Amino acid sequence: MSDTCSALYDTIADALVDQGYYFTSTAQPDLPTAALQQRIQQLDAEDAMHRAGIGRDQDHQLNSNIRRDKIRWLRHSNAAEAAYLDWMDGLRQGINRRLFMGLFDYECHFAHYPVGAFYKQHLDAFKGRTNRVLTTVFYLNDHWQKDQGGELLLYNDEGDHLLEQVLPETGTLLVFLSDRFPHEVLPTQRDRYSIAGWFRVNNSLNAQIDPPT
Ligand SMILES: O=C(O)CCC(=O)C(=O)O
Ligand SMILES: [Fe+2]
């Protein structure tokens with residue numbers, strides 16, 4: 001493990017303890033950002049992304065009133081995807097060593113929000129009823145401007161007070177406790193690419209209520 005990683009894990013762990021979330025717009029040199037940008041463009045061009053669902057709800061009309069992104073889960077069979085998954089596994093171990101959260105595994109998907117797409121305010125997990133405990137979002141959009149929409153709004157526990165307004169700019173990374181922070185994606189004015197992921201605990205008793213998307 002490099003010293004930069006160790007320092008980053010310290011910073012993320014401290015932020016999680018202090019405020020329950022962490023975010024940085026400083027690009028991580030160890031993340032294969034350019035390769036991931038190419039990969040998501042390629043998947044999109046190949047029509048390999050599919051409309052995301054919500055929980056076990058297969059009502060597509062309802063779904064599209066809540067979220068309009070297209071997704072594809074990352075796999076180890078592609079080098080860029082594997083490098084991202086490996087980086088997140090390093091973070092998983094780094095956090096476990098510092099905070100004893102018992103993070104067991106990690107899953108993540110590419111997301112493409114076409115023009116006009118959004119994701120209404122939601123929680124990624126419900127207290128005591130999930131094995132998703134920590135959310136990550138990593139953005140892949142060069143030169144995002146404030147007037148292009150698509151910002152991620154992160155709210156306090158009650159969902160009535162704005163904590164952060166995050167531009168989905170390349171290299172920006174957000175990590176937050178999944179059951180604590182309601183958040184939403186504002187309608188985007190340009191194609192918006194990201195990777196959303198979840199660290200999970202091994203709580204198979206409750207696993208069935210996790211959204212499968
Ligand atoms: O792309 C983002 O900024 C957040 C996406 C999100 O909230 C989710 O996929 O659950
Ligand atoms: Fe979310």
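Two strands count as paired here when DSSP finds at least two bridges between them. With that in hand, the larger picture of this predicted model can be read off strand by strand. Seven strands make up an open sheet, in the order 1-9-6-11-4-3-2, and their pairing is antiparallel. Strand 1 (21–24) and strand 2 sit at the edges with a single partner strand each, so one side of each has no neighbour in the sheet.

Starting from the strand 2 end, residues 50–51 form strand 2, which runs antiparallel to strand 3 (residues 70–73) and is joined to it by two bridges. Here Arg51 has Lys70 of strand 3 as its bridge partner. Next along, strand 3 meets strand 4 (residues 105–113) in an antiparallel pairing of four bridges, and Ile71 is matched with Ala111 of strand 4. Strand 4 then pairs, again in the antiparallel sense, with strand 11 (residues 192–200), this time over nine bridges. Tyr113 finds its bridge partner in Arg192 of strand 11. Helix 2 (residues 33–45) packs on this sheet, where it touches strand 3, strand 4 and strand 11, and its direction makes about 65 degrees with that of strand 4. Another helix, helix 1 (residues 3–19), lies across strand 1 and strand 9 (173–177) and runs at about 135 degrees to strand 1.

There is also an open sheet of four strands, ordered 5-10-7-8 and paired antiparallel. Its edges are strand 5 (119–122) and strand 8 (162–166), each of which pairs on one side only. From one strand to the next, the twist averages 10 degrees. Strand 5 and strand 10 are linked in the antiparallel sense by two bridges, and His122 has His183 of strand 10 as its bridge partner.

What about the inside of the model? In soluble globular proteins, nonpolar side chains tend to be buried together. The largest nonpolar core in this model has 41 residues, and Leu174, Val175 and Ile195 touch the most other members. Several elements each supply at least two residues of this core: helix 1, helix 2 and helix 4 (79–99), along with strand 4, strand 6 (132–139), strand 7 (152–155), strand 9 and strand 11. Leu174 gives a feel for how distant parts of the sequence meet: once neighbours within four places are set aside, Leu174 is in contact with Phe23, Thr136, Val137, Leu152 and Val166.

Two of those contacts of Leu174, Val137 and Leu152, turn up again around ligand 1. The ligand's surroundings consist of Ala111, Tyr119, Asp124, Val137, Leu152, His183, Val185, Ser194 and Ala196. Sorted by class, this shell has six nonpolar residues, two polar ones and one charged one. Strand 10 (183–185) and strand 11 each contribute at least two residues to the shell. Two shell members, Ala111 and His183, have already been met as bridge partners: Ala111 of Ile71, and His183 of His122.

Away from the sheets, a few individual residues are worth a look. Asp30 lies in the loop between strand 1 and helix 2. It counts as partly exposed because it has 14 C-beta neighbours inside 10 Å. Leaving out residues up to four places away in sequence, Asp30 touches Cys5 and Trp87. The C-alpha atoms of Asp30 and Tyr84 are separated by 9.2 Å, although the two residues are 54 residues apart along the chain.

Asn96, in helix 4, is likewise partly exposed, with 16 other C-beta atoms within 10 Å. Asn96 and Ala13 are 83 residues apart in sequence but 9.2 Å apart in space, C-alpha to C-alpha. Beyond residues up to four places away, Asn96 touches Met101, Gly102 and Leu103.

Two residues other than glycine have a positive phi. Asp47, in the loop between helix 2 and strand 2, has a phi near 65 degrees. Phe100, in the loop between helix 4 and strand 4, has a phi of about 50 degrees. Asp47 has 8 other C-beta atoms within 10 Å, so this residue is exposed. Phe100 is exposed too, with 8 other C-beta atoms within 10 Å.

Technical notes. Residues numbered from 1 in each chain as written. Chains lettered and ligands numbered in written order. Predicted model: local features only at pLDDT ≥ 70, side-chain atom pairs only at ≥ 80, totals over all residues. Contact = placed C-beta atoms within 7 Å. Axes fitted to C-alpha atoms, helices over the stretch in contact; angles between N-to-C directions. Core = buried A, V, L, I, M, F, W, Y, C linked by C-beta atoms within 7 Å. Buried ≥ 20, exposed ≤ 12 C-beta atoms within 10 Å, placed from the backbone. Near = placed C-beta within 6 Å. Nonpolar A, V, L, I, M, F, W, Y, C, P; charged D, E, K, R; others polar.
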